[in-house]
Amino acid sequence: MFIINGEAWNVRLVPPDHPMLLMPNGNWAVGVCDDQYKMILINNTLRGPYLKEVLGHEITHAAMRSYDIEMPYDDEEVIANLIANYGAEIIAVTDVMHKKLKRGY
């Protein structure tokens, strides 16, 4: 479980054929963020960096829902991918630069 903006979310690893992973277009997702139940479901066959990437992507969706950030689907996907793929680096660089600025860089 994790909390974003006061909302508790759960994460479950599920089989790749779990019905919640079936998208309306007939394709299977590797992860889903369900706002109604505050639940993230992730395909249980994922491992390593890809599992972390999918988890970050879905947690980004959870953050958007928790903060009532609404945008077109395609835009939300771009942002979720950006954060999942590059968020750790962006935060790490921000932390380094913030420390430098505090010291009078």
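In the predicted model, the elements of the chain follow the order β-β-β-β-α-α from the N terminus onward. Four strands and two helices are thus present in the chain.

The pairing of strand S2 involves two partners described here. Strand S1, spanning residues 2-4, is joined to S2, spanning residues 7-14, by three bridges, and the two strands run antiparallel. Within this pair, Glu7 in S2 is the bridge partner of Ile4. The two strands form a hairpin in which two residues lie between S1 and S2. One residue of the turn, Asn5, has a positive phi of about 50 degrees. Strand S2 is also joined to strand S4, residues 39-43, by five bridges; here the strands run parallel. In this second pairing, Asn10 is found opposite Met39 of S4.

With regard to the chain as a whole, the C-alpha atoms fill a box of roughly 55 × 30 × 25 Å along the principal axes. Of the contacts with a separation of 6 or more, 49% are between residues 24 or more positions apart. The chain contains 105 residues, and 29% of them are buried. Its accessible surface amounts to about 7300 Å², and carbon and sulfur atoms contribute 59% of this area.

The charged side chains were also considered. The chain carries 14 negative and 9 positive side chains. A distance of 15 Å separates the centre of the positive set from the centre of the negative set.

Technical notes:
Residues are numbered from 1 along each chain as its sequence is written. This is a predicted model: local features need pLDDT of at least 70, side-chain atom pairs count only at pLDDT 80 or more; totals for chains, interfaces and linings use all residues. Side-chain values use heavy atoms; hydrogens and water are left out. Two strands pair if DSSP finds at least two bridges between them. Buried means under 20% relative accessible area, exposed over 50%, partly exposed in between (1.4 Å probe, protein chains only). Contact means heavy atoms within 4.5 Å. Accessible areas come from the Shrake-Rupley method with a 1.4 Å probe; for residues, only the protein chains shown count as cover. Lys and Arg count as positive and Asp and Glu as negative; His and the chain ends are not counted. The place of a charge is taken as NZ of Lys, CZ of Arg, CG of Asp or CD of Glu.
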